[in-house]
Structures are given as C-alpha cells and as structure tokens.
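User: Hi! I would like to learn how to read salt bridges in a protein model. Could you walk me through it?

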Amino acid sequence: AAPEPAPSKPATVKQAKPATKPAEPTLSVGDVREFIKDPFCRPFVPGSSVKGSLRTAIAWKLSEGLPLSRPLNEVLRKADESLSRRRSVKREKVDDPFMKPLFGDGPTVDLLKAFHVGDSAPLACDQGFAMCQVVVMNEFREKFDAKRGVPIHVEALMPSVGTVRIPIRVDLFRLEHDRDLMNAAGGKGVTLLRDRDAILAAIQNYAKDLLHYEAEFYDRRAPLVAQFIKGLLRTNTAVMPLGFGTGWHAKTIGRRLDEMDLRAVRKTFGGWTRDDKPLK
C-alpha cells in the first residue's frame with residue numbers, strides 16, 4: 001500500500017505586534033514629598049519656613065550700605081583652612097560672618113527673638129491641594145532644558161485654596177528691655193522691627209529686587225516665564241521664595257554680593273563643572 005501523504009500545515013497569517021505604550025511611572029507613598037502636617041494629618045503652612053523667608057528680607061535691608069569684603073574674606077579663609085586640613089566644611093554656617101553682625105552672635109541674643117511667626121491654621125486636605133511634578137531646569141552648553149532623570153513629585157498647595165493667614169507678632173517689650181538686641185546691626189535692627197511700615201517696605205523692596213533679577217535671567221532663557229514674573233512686578237505684591245530650591249540669590253544676602261564674589265563662594269563650597277560653571 002502506498003504511504004499516506006504528510007498532513008499539510010495550516011496557513012499562518014503574520015500579525016503586526018500591538019504598539020506598546022510607554023510605561024507609566026508608578027508611585028508609592030515614599031515617592032511623593034508630602035506637605036507638612038500636624039499630628040492629626042492636617043496640612044498647615046509652618047511659621048518657621050515663613051520666618052526664614054522674612055529673615056532673608058530683613059537681612060537684605062540691614063546689610064544695605066555695609067562693606068561686605070571683610071566677612072567674605074573670612075568665609076573663604078575658614079573654608080580654605082578646613083579643606084587644607086581635609087575637614088568637611090559646614091555649609092549651614094557659611095553665612096555666619098555676614099549674619100552675626102546683623103542679628104547677633106548667637107541664638108540667645110538673636111534680634112529675631114522678638115519677631116514671632118506662627119503656623120497657619122490647619123488646611124482642608126480636599127480643598128486646594130494637588131500632586132504636581134516639579135521640573136528641574138538645567139543650563140548646559142547654551143541650552144536651557146529640563147534635567148532628565150530627576151522626577152520630583154510633590155503634594156502642593158494650589159492658588160485655589162485662597163488666603164492663608166500667618167500670625168506675626170513683634171515683641172516691643174523685649175526690644176525695649178533686652179540690651180543684647182541693641183547690638184544687632186548697630187541698633188538698626190531694633191529700629192526696623194519697631195516700625196511696621198518699615199518692615200513691610202523692606203519685604204517689598206527685597207521681593208522687587210529679586211523679581212527683577214529673575215525676570216532678567218528668564219528673558220534670555222524662557223520668555224514666557226519672564227512675562228509671568230513681570231506680571232507679578234506690576235501687581236506690587238511682595239513675592240517671597242519659600243522652601244527648597246530657591247537658589248543662592250534668594251538666600252541670606254546673596255543679592256548683596258556681586259557676581260564674581262558669589263562665584264568665588266560657590267566655587268569654594270560646591271566646585272566647578274567641566275564647562276566652567278559652579279555646581280549647584
């Protein structure tokens with residue numbers, strides 16, 4: 001008998017592979033920087049952060065007209081000594097030579113002991129909050145673009161929350177009877193804190209100076225951002241940098257130093273990049 005023919009293979013049709021969607025990032029609780037909350041898990045704006053921002057504005061006012069070359073040289077000298085002895089430099093104390101003449105030699109005699117800033121009342125979690133992604137911009141080889149691989153997700157307070165009130169009180173009795181405070185800035189500190197209008201003017205003038213600097217910076221890099229900042233200037237509102245990421249120019253009296261001095265400080269404490277720019 002003749003052998004049976006081999007069974008024929010069924011016809012196959014090649015199908016195109018389904019297009020793959022880019023993987024969406026998955027976030028866990030630890031991947032999102034939470035807004036600060038009280039023990040009952042209610043968010044609030046901390047007075048300490050607000051006071052730090054206001055302290056910068058007050059320092060900017062008190063340092064007006066002061067020669068800064070001597071404290072600058074002291075900062076750089078101490079840093080060089082520490083580095084030559086292979087000791088780590090405590091960056092949180094970098095500004096001591098600048099700040100001590102303005103506010104006092106230590107926490108027990110600090111001028112702003114008489115300047116009390118409280119926390120805000122608890123805020124409703126379901127109103128005015130959103131999870132946002134912070135984009136870190138990087139300037140490299142004449143390009144200003146988002147830095148890759150630095151996703152920062154935050155729980156953010158949005159403008160829709162409305163007004164958040166922060167209680168601020170000046171202790172006039174302490175200013176009058178605490179003699180140690182009179183030494184701050186040669187007595188100019190006490191005079192400033194006694195005058196409510198002078199404090200407001202100092203804050204507004206500092207904010208305006210910083211906004212002008214920011215507008216000029218973004219004019220050459222991101223015109224839409226520059227337009228937004230110029231719009232803030234026209235409102236005559238005191239816009240204060242709050243929290244992390246505010247940069248060297250928004251800390252202590254960075255705007256009082258010229259660019260060459262500021263570069264020297266940044267080089268000492270941060271180093272340089274390969275294209276001759278100070279590290280962040």
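User: Is Asp209 buried, partly exposed or exposed?

Analyst: Happy to help! Keep in mind that this is a predicted model. To place a residue, we look at its relative accessible area: under 20% is buried and over 50% is exposed, with partly exposed in between. Asp209 has 24% relative accessibility, so the residue counts as partly exposed.

User: Which residue does Asp209 meet in a salt bridge?

Analyst: First, the general idea: side chains of opposite charge can pair when their charged atoms come close. Here, the side chain of Asp209 meets that of Arg255, at 3.0 Å from N to O. Asp209 sits in helix 6 and Arg255 in the loop between helix 7 and helix 8, so the pair ties together parts that are 46 residues apart in sequence. Arg255 is also partly exposed, at 23%.

User: How many residues apart are Glu74 and Lys78 in helix 2?

Analyst: They are four residues apart, about one turn of the helix. A salt bridge joins them, with the closest N and O atoms 3.2 Å apart. Glu74 is partly exposed at 29%, and Lys78 is partly exposed at 43%.

User: Which residues are linked with Glu34 in a network of salt bridges?

Analyst: Lys37 and Glu155 are linked with Glu34 in that network. Within the network, the side chains of Glu34 and Lys37 meet at 3.3 Å, N to O. Glu34 has a relative accessible area of 54%, so this residue counts as exposed.

User: How many salt bridges does the structure hold?

Analyst: The structure holds 10 salt bridges, including the pairs Glu74 with Lys78 and Arg255 with Asp209.

Conventions. Residues numbered from 1 in each chain as written. Predicted model: local features only at pLDDT ≥ 70, side-chain atom pairs only at ≥ 80, totals over all residues. Heavy atoms only, no water. Salt bridge = Lys/Arg side-chain N within 4 Å of Asp/Glu carboxyl O. Buried < 20%, exposed > 50% of the residue type's maximum accessible area, 1.4 Å probe, protein only. Helix = DSSP H or I, 4+ residues; strand = E, 2+ residues; numbered from the N terminus.
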